[in-house]
Amino acid sequence: MTSILSIQSSVAYGHVGNSAATFPLMRRGVEVWPVITVHFSNHTGYGAWRGPMLGADDVLDVVTGIDERGVLGRCDAVLSGYQGAPEVSAAILAAVDLVKRRNPAAIYCCDPVIGDDDRGVYVRPELAPLIKDRVLPAAQVVTPNQFELEYLTDHPVTTLADVLAAAAELRRRGPRTVLVTSVRHEQTPADQVEMVAVDDTGAWAVRTPLLPRTFNGTGDLTAAMFLAALLDGVGLAEALARTAAIVYGVLDATWAADARELQLVAAQDQLVAPTRTFEVTALG
């Protein structure tokens, strides 16, 4: 059975971080070992929240405890999302190093949460360059949105060729597989949004309908579903197609329910048998 060590935030109400990744991964038959970096009442998009932030030592202590059970050799991948502070980034890198020592075939999937078009860079000022210069090179898979791709590569993106050039630059810095989300370039229809995936075998794109609003936790769900597909051993094109179908299915159900939080439980069948599928196109 596939096993993932997922180091992310957690909320009691709603679905972001591990609260957006753990159930969908398990629903798809993946064993998840969630390690939390914060435990908040709700995500910070509400403007008010309660709960503790865990320290880097706490994160490593939990990972050490898992290692003491003698199971890290069965860990196929480490997944990380919002990191919060430089010391947490260091703890994640230490966890990745430990997992790779126990299982050299394990991979690290980093969702480099830095910012977005609406808000710009929203992580602590010292964290963004740390992710760019230290965390990213340690990853084999990265899942930036278009804004983060531009930040990480210092490469403005207005065309599809720009997306591919920036993804190639990112791959030169270490990661072999890049998934770019929330892609909107000059050729993207106004009512659609794209994802672009690139690895050693080529590049592919998929378009899905653009819903009228965005939802917190979408990137966390996307990274988890993409990583699960890769660990299933399917090719990059199929991994992209699966991810697009699953994420759109959940988002469409959430929009239809007029809900603020991802409807992961109500729409759980979309995680394993999405209602819609989308054509994946090979790029040059």
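This text walks through the fold, from the sheet to the cores and then to single residues.

The structure is a predicted model: local features need pLDDT of at least 70, side-chain atom pairs count only at pLDDT 80 or more, and totals for chains, interfaces and linings use all residues. Residues are numbered from 1 along each chain as its sequence is written, and side-chain values use heavy atoms, with hydrogens and water left out.

Start with the sheet. Helices (H or I, at least four residues) and strands (E, at least two) are DSSP runs, numbered from the N terminus. Two strands pair if DSSP finds at least two bridges between them. Strands of a sheet pair through backbone hydrogen bonds, either parallel or antiparallel. Here, nine strands form an open sheet with mixed pairing, in the order β2-β1-β3-β4-β7-β8-β9-β10-β11. Its edge strands are β2 and β11 (280–282), and each pairs on one side only.

Take the β2 edge. Strand β1 (residues 3–11) and strand β2 (residues 31–40) run parallel, joined by eight bridges. S3 has E31 in β2 as its bridge partner. With helix α1 (residues 18–27), β1 and β2 make a right-handed β-α-β unit. A crossover is right-handed if, with the strands pointing away from the viewer, the path from the first strand over the helix to the second runs clockwise.

Move along to β3 and β4. Strand β3 (residues 77–80) and strand β4 (residues 107–110) are parallel, with four bridges between them. A77 stands opposite I107 in β4. Between β3 and β4 the chain passes through helix α3 (residues 86–102), and this β-α-β crossover is right-handed. β4 also pairs with strand β7 (residues 141–142), in the parallel sense, over two bridges. In that pairing C109 stands opposite V141.

At the β11 edge the sense is antiparallel: strand β10 (residues 202–209) and β11 pair over three bridges. A205 has T281 in β11 as its bridge partner.

A record adds a domain boundary. The UniProt annotation "domain: Pyridoxamine kinase/Phosphomethylpyrimidine kinase", from an unreviewed entry, covers residues 92–255. UniProt positions are given in the numbering used here, feature names are shortened, and annotations may be inferred rather than shown by experiment. Over residues 92–255 the chain is 46% helix and 20% strand, and the end C-alpha atoms are 34 Å apart.

Now the interior. Buried means under 20% relative accessible area, exposed over 50%, partly exposed in between (1.4 Å probe, protein chains only). A nonpolar core is a set of buried Ala, Val, Leu, Ile, Met, Phe, Trp, Tyr and Cys residues joined through side-chain atoms within 4.5 Å. The largest such core has 50 residues, of which L5, I7, Y108, V163 and V196 touch the most other members. Helix α3 supplies the largest share of this core, eight residues. A second, separate core of 38 residues includes V30, M195, A224 and M225.

Look at Y108. Contact means heavy atoms within 4.5 Å. Leaving aside neighbours within four places in sequence, Y108 is in contact with ten-residue company that includes V78, S80, I92, V96 and V141.Helix α3 also holds S89. S89 is buried because its relative accessible area is 1%. The side chain of S89 makes a polar contact with the side chain of Q83 at 2.4 Å. A polar contact is a pair of N or O atoms within 3.5 Å; within protein, one must be able to donate a hydrogen and the other to accept it, and residues adjacent in sequence count only if both atoms are side-chain atoms. Not counting residues up to four places away in sequence, S89 touches Q83, L127, L130 and V135.

Helix α4 (residues 127–135) has as its buried residues L127, A128, L130, I131, K132 and V135. These buried residues pack against α3, β4, β6 (120–121) and α5.

T153 is in helix α5 (residues 146–153). T153 counts as buried because its relative accessibility is 7%. Its side chain reaches the backbone oxygen of L149 at 2.7 Å. Leaving aside neighbours within four places in sequence, T153 is in contact with A166, E169, L170 and R173.

Last comes G115, in strand β5 (residues 115–116). G115 counts as buried, because its relative accessibility is 0%. Beyond its neighbours within four places in sequence, G115 contacts G120, V121, Y122, N145, F147 and E148.
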